[in-house]
Structure formats: C-alpha cells, structure tokens
Amino acid sequence: MDLFDWQSISVPHEANIRDALTVLDQQAMQIVLMVSPDNRLLGTVTDGDIRRGLLRGEALDSPVERVANQTPTVGYDDETEIVWQQHIKRKSLRHLPILNRQKQLVGLYYHKTRQTPRRKNPVVLMLGGLGMRLRPLTETVPKPMLPVGNQPILETIVKHIAEQGFTEFYFCINYLGEKIRAYFGDGSDWGVHITYVEEPKPLGTAGALSLLPEAAIQSNQPMIVMNGDLLTKIDFRSLLDFHQSHGNGITTCVREYSHQVPYGVIELEDSTISQLVEKPTYRYFVNAGIYCLSPQMVASVPVGQFYDMPELIETEMAGGTKMGGFPLAEYWMDIGHIPDYEQAQADYEVYFK
C-alpha cells in the first residue's frame with residue numbers, strides 16, 4: 001500500500017491560515033496537517049474548515065489552530081488497508097492520516113482511484129468583454145485567450161472545472177468570439193460539451209443569461225456563472241453543496257480583502273477626539289466574480305439588455321430571495337490589469353503546474 005508523503009502537506013502549529021491555504025493550493029490534496037516539532041499530528045485543515053472560520057470572522061493571518069479539526073479520525077500503521085477503508089467509509093472522509101503507535105505521522109492514506117462523478121449543472125462563462133484595461137494585449141486577442149503559462153486563461157479554467165465532473169459549458173461570446181470558437185470547437189478535446197451563446201452587443205456580467213437556451217434553464221439544476229478572466233483553484237462542488245444546503249437563490253463567492261490605512265485614524269464627536277487608532281487594518285469581503293444561481297433567477301434578467309450581476313442580486317434581494325456569500329479558501333486572481341496579468345504568469349508555475 002502506498003502512503004502520500006505527509007511532510008509536503010504539513011504546517012507547524014504556529015502557522016497562520018494563509019500558510020495553510022498556500023499548501024492547499026500548491027499540493028492539491030485538499031487537506032493540510034498541523035504538526036508538532038516531534039512529528040505528532042495536532043490537527044487537520046481542509047478548505048471547508050477555513051471557509052467556516054472566515055464566516056466566523058477569522059482573518060487570513062489568524063493562527064491556523066483556530067480553524068483546525070483538533071480531533072481528526074486517524075489510522076495506524078499496524079492496521080490493514082481494509083481497516084483504513086472502513087474508517088474512511090464510516091466517516092465519509094477523503095483522507096486518513098496514518099500514525100505509528102507513538103502517535104507520530106507516517107503518511108496519508110487516500111483513494112487514488114476514486115472516480116469523479118459527472119455533474120449535470122450548467123457552467124456559464126462570461127467571455128464577451130472588450131478587455132480595455134489590458135490593451136494593447138487585447139487588441140487582437142480576446143482577454144480569456146491571453147496565454148498564462150503554456151495555455152490560454154480559458155483553457156486553464158475549463159480544465160479545472162472539467163476535472164471536477166462538470167461537462168455542460170455555455171460560452172457567452174462577443175468581442176473576437178470567433179477566436180474562442182475556433183480554438184475550443186465543441187469542447188470534445190477536453191471531454192466537455194460547449195454551447196455558444198452569441199451576444200449581439202456587450203451585455204455585461206449577467207445580460208447574456210437572458211439568451212441561454214431553454215435546455216440550460218429547464219435542467220432545473222443550479223448553474224455556475226463565472227467571469228472568464230479569473231484564475232482560481234475553487235472547488236465548485238463545495239460551492240454547489242453550500243448553495244443548496246443554505247437554500248440560496250444566488251450564492252456569490254467572496255474573497256477577503258484587507259487595507260491598511262498608513263496614518264493614525266481619528267474619530268471625532270463634535271470637536272472632541274473619541275478614539276485614535278494607529279494605522280489600522282480594515283478587512284472586507286469583495287465580490288470574486290463567481291456565482292451559483294438557481295435557474296429561476298434567470299427570469300429576472302431583461303432580455304438582450306446590458307445588465308450586471310450586482311443588479312440581478314439587488315433585484316432579487318429586494319424581492320426577498322435569500323442570498324449567500326461563499327468565502328473562497330483557494331487561490332484566486334482577477335486578471336483585470338497588466339500587473340495582475342504579470343502576477344498570474346508567476347502564480348501559474350506555483351499553482352497550476
């Protein structure tokens with residue numbers, strides 16, 4: 001029996017959440033082990049653990065032990081593989097840390113051959129933007145087709161989503177859309193099926209939803225909607241589970257954004273100083289450009305008109321539809337400006353190789 005090398009997916013107990021996220025993204029094993037100096041397992045961390053911590057108010061620089069499962073299920077190296085499999089099945093686990101009887105780590109056991117189930121959920125990629133902020137790079141190439149690493153941004157997106165079992169793609173195209181169509185064809189080279197939705201003019205981040213064929217709506221499956229200029233390692237299966245378990249009409253992926261004020265911040269009551277905070281850091285959740293929509297939400301999108309996703313969210317919120325925020329615990333980069341594009345080139349070697 002082969003065990004995965006635990007050292008490559010471990011962090012010390014004094015690490016922070018950001019350190020654990022780096023390991024999650026780079027190793028793609030969906031688990032991080034929190035380990036003592038003498039190789040004892042102190043806890044495990046998954047993307048779900050981090051997401052729950054962010055929703056509680058933890059920051060990325062919070063200690064990782066605040067989100068770790070400190071009583072994980074484990075196996076022992078003198079047990080049989082059948083016993084390990086029973087542990088995994090009984091607790092519905094993906095991984096099982098394996099210890100010796102001195103409680104020290106010896107490896108990680110997981111099912112390498114477990115097949116990814118196919119998902120019928122439509123995946124709608126918004127690809128019609130002009131890419132003005134990336135000129136001159138986008139004068140002859142649509143933004144989703146700009147190369148990052150050894151392939152276009154859009155190819156990295158499609159491969160990552162397809163690996164999670166999604167096969168039904170809808171490409172909403174306008175500016176230089178024929179280049180996207182010529183490269184991807186019907187999608188069979190990537191094991192997916194692509195339907196092209198032609199925007200007669202740029203329709204914003206939500207307008208093209210009104211042009212989706214009936215098959216996408218009548219599938220009655222929640223759909224993934226994503227901007228086509230993002231690089232991310234998000235687990236879309238977890239997003240769908242979150243969306244459905246919370247009964248949301250729309251779930252918006254959010255990313256923590258922090259900003260440090262370079263001055264002392266003074267609060268006044270009339271002319272009296274009530275508080276002075278030196279160089280405070282403020283943290284926010286920002287829209288990450290990835291959504292999960294229940295199909296009936298599409299009916300609110302005006303047909304053939306420019307319409308952005310925030311407008312749809314505000315409209316549905318006003319009507320009482322439940323909205324959810326799904327904190328991203330994985331790598332995410334919005335390639336909106338030249339510096340972002342340059343950073344994505346460096347990140348590709350780390351996260352997508």
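Helix α4 (residues 153-162) and helix α5 (residues 177-184) are a good place to start: their axes come within 12 Å and cross at roughly 50°. Keep in mind that this is a predicted model. Besides that helix pair, here's a quick tour of two cysteines, a cis peptide bond, two positive phi values and one exposed glutamate.

**The α4/α5 crossing**

- Two packed helices are generally described by the angle between their axes and the distance between the axes.
- With the angle at roughly 50°, α4 and α5 are therefore oblique to each other.
- As for handedness, the crossing of α4 and α5 is right-handed.
- On the α4 side, the contact is made by Leu154, Glu155 and Val158, while α5 brings in Ile180, Tyr183 and Phe184.
- Sorted by class, that contact has five nonpolar residues, one charged residue and no polar ones.

**Cysteines**

- The disulfide count comes to zero, with a pair of cysteine sulfurs needing to be within 2.5 Å to qualify.
- Cys253 is in no disulfide, and the nearest cysteine sulfur to it, that of Cys292, is 8.4 Å away.
- Seen from the other end, the closest cysteine sulfur to that of Cys292 is in Cys253, and 8.4 Å is too far for a bond.
- Cys253 has a relative accessible area of 0%, so it's buried.
- Cys292 is buried too, with its relative accessible area at 0%.

**Backbone oddities**

- Most residues other than glycine have a negative phi, and most peptide bonds are trans, so exceptions to either are worth a look.
- The peptide bond joining Arg135 and Pro136 is cis, with omega at about 10°.
- Pro136 sits in the loop between β7 (123-126) and β8 (147-148).
- Gln30 isn't a glycine, yet its phi is positive, near 65°.
- You'll find Gln30 in the loop between α1 (17-27) and β2 (32-35), and at 26% relative accessible area Gln30 is partly exposed.
- Leu176 is another residue other than glycine with a positive phi, this one near 55°.
- Leu176 is in the loop between β10 (168-173) and α5.
- Buried means under 20% relative accessible area, so Leu176, at 18% relative accessibility, counts as buried.

**Glu314**

- Glu314 belongs to helix α8 (residues 309-318).
- The relative accessibility of Glu314 is 56%, so this residue counts as exposed.
- From Glu314 to Thr156, it's 158 residues in sequence and 31 Å in space, C-alpha to C-alpha.

How values were computed
Residues numbered from 1 in each chain as written. Predicted model: local features only at pLDDT ≥ 70, side-chain atom pairs only at ≥ 80, totals over all residues. Heavy atoms only, no water. Axes fitted to C-alpha atoms, helices over the stretch in contact; angles between N-to-C directions. Helix = DSSP H or I, 4+ residues; strand = E, 2+ residues; numbered from the N terminus. Parallel < 35°, antiparallel > 145°, perpendicular 65-115°, else oblique. Left-handed = near helix turned anticlockwise from the far one by under 90°. Contact = heavy atoms within 4.5 Å. Nonpolar A, V, L, I, M, F, W, Y, C, P; charged D, E, K, R; others polar. Buried < 20%, exposed > 50% of the residue type's maximum accessible area, 1.4 Å probe, protein only.
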